[in-house]
Amino acid sequence: MTTNSGEPVLRARGLRRTYGSGDGLVRAIDDVSLDVTAGETVAVMGPSGCGKSTLLHLLGGLDRCTGGEVWLAGHRLGDLGERALARLRREHVGFVFQAFHLMDELTAAENVELPALLAGISPRAARRRAAELLDQVGLTDRARFMPAALSGGQRQRVAVARALVSNPDVVLADEPTGNLDSESTIDVLRLLDSLHTAGQTLVIVTHDARIAATADRLISMRDGAFVDETRRTGGTSGSLSALAGLEN
Amino acid sequence: MRQEVVLALLAKEPSHGYELRGRLRQALGPLGETMNDGQIYVILSRLEKAGLVAAEESAGLPDRPDRKVYELTADGQERVAGWLTEVSWPKPDLAEFHLKLIAAAAAGLADPLAIVDAQRRELLRRLRDAQRAALTESESSAAGLLLEGIVLRLQADLRWLEACERTWTGRRSKR
C-alpha cells in the first residue's frame, strides 16, 4: 500500500559522515540520497561495515551528518538543537534494534507504555494503547511477562510494539532479525509485513536478505554508498518449483 | 563446462589451446585437475565450426603439436558479451560464474562487480518470492519446510556473492 502524497516522509540529500582526518579519514557514509514516501517499506542491505547502521542513525537523528541534509516529518534535522531533535525522535520516529533494548525490570506491557508516558500521555491512555499494540503483535497473553521469560522473537515483537506507541511517521529498524533463529525470523517478518500492509512507513537496514520479502524497494550498499536498487514487482517469478528441484 | 567459458577466456587475447587450458587450471585450482585435457580442444573445434572462433596455423614450438592460435570472431565477441550479462539460475553453476568474473576482468570486457550486482538482483528476486510464499504458509504446513530449504540455499548463494564482491572490490582497488 503506497500513498502517493507528494512530499516524502523522510528525505536525505548528499549525506556524508566521515570519521578521523587526513590519512585516517573514513567515509562511513559517502554521498547518499534517499526519499521515503508514506507507506513505503525500504530495505537497505549490505555486508557488515558498509555503513548501513550509521545511515540509519543519521536518518533518525541519533547521529549528526558531516555533510548533506536530512528532512524528517518536514523538519531539517541540521536546524534542530539537541532538545528539539530528541523531541522530534520521540514524536515522529520508532526505533527497533537488533538487541531489542528492552528494560529487563519492566513487563512487556510496561516496556511498550514507557515511551508514551515519557511523551506525556496519560497513564490510562498509554495502557490502552500498549494493550492494542501487544494485541497487534500477537502477544496479549504475554503482556505481564518479563522480557527474560520471552523468546527472542517475542522480545523483538515487544520492541516493535514499543516503536509504534507514538504513532511514528517512520519506523527505523536496525537488523531486526539479526539475533533471531529461523522460526522467530519468520514471526518478525510476518509482523513487519502486516505493518507494511497497514500503511506504516518503514526503513530497515539489514544483511538478512529475507527482509526483501517485505520491502517495496531494496537498496544495496557498499563502502558507504548506494550501488544498486530494485523495486518489487507484482506476482512471483514462477521459479519456485524449479528451485525446489521439481523441474529442470 | 559451457563453451562460452572458453570463448570468454579468448576475449583477452588470441591463444593456443594449451594456454587456455593453463588459464582454466589456474582459475579452477584443484577443481581444474579433473578436467579432461582433450575437452578444451573439443570445445574449440565446436566453436570453430560454429564460426565463433577462427583458428590460424602458427609456428608453434617443436615439442608442441598444437600450432593453432584461436581468436574470437565478431560473432564470438557478441556471444561473449551476451553471456556476461546473462543471469543463470536456478541451476547455479558456481564454476561458470566464477570463470565469468575472471574472464570479464582479464579481458576488460565488463566490471565483475556489475556482474555480481546483476546476479544478486536475480537471487534477491527469487529469495523474495520464496520468503513471501513461506510467510503465507501456515506455521504447521509441510510446504513451509521446503520453502525454508529454498530460502536457506538462496541465502548461502547470496553470502557467496558477498564474498565475490569483497574479493573483486579488493582487486579493483589494487589495480
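**Note on helix packing, the sheet and the chain contact**

1. In chain A, helix H3 (residues 108-118) and helix H4 (residues 123-136) have axes that come within 8 Å and cross at roughly 130°. H3(A) is therefore oblique to H4(A), the class left over when angles under 35 degrees count as roughly parallel, over 145 as roughly antiparallel and 65 to 115 as roughly perpendicular. Axes are lines fitted to C-alpha atoms, for helices over the stretch in contact, with angles from 0 to 180 degrees between N-to-C directions. Helices (H or I, at least four residues) and strands (E, at least two) are DSSP runs numbered from the N terminus.

2. This is a predicted model, in which local features need pLDDT of at least 70 and side-chain atom pairs count only at pLDDT 80 or more, while totals for chains, interfaces and linings use all residues. Residues are numbered from 1 along each chain as its sequence is written, and chains are lettered from A and ligands numbered from 1 in the order in which they are written.

3. The contact between these helices (C-beta atoms, placed from the backbone, within 7 Å) involves, among others, Val112(A) and Leu117(A) of H3(A) and Ala130(A) and Leu133(A) of H4(A). By class it has ten nonpolar, no polar and three charged residues. Here Ala, Val, Leu, Ile, Met, Phe, Trp, Tyr, Cys and Pro count as nonpolar, Asp, Glu, Lys and Arg as charged, and the others, Gly among them, as polar.

4. Chain A also holds an open, mixed sheet of six strands, ordered S6-S7-S8-S3-S9-S10; two strands pair if DSSP finds at least two bridges between them. Strands S6 (93-96) and S10 (225-231) of chain A each have a single partner strand, so one side of each lacks a neighbour in the sheet. On average, neighbouring strands are turned by 20° against each other, direction ignored.

5. At one edge, S6(A) pairs with strand S7 (residues 170-174) of chain A in the parallel sense over four bridges, with Gly94(A) opposite Val171(A). Helix H5 (residues 152-164) of chain A packs on the sheet, touching S6 and S7 of chain A, and its direction makes about 170° with that of S6(A).

6. The contact of the two chains takes 22 residues from chain A and 23 residues from chain B. On the side of chain A, helix H6 (182-197), S9, S10 and helix H7 (240-243) each give two or more residues, and H6(A) has the largest share, five residues. That side has twelve nonpolar, six polar and four charged residues.
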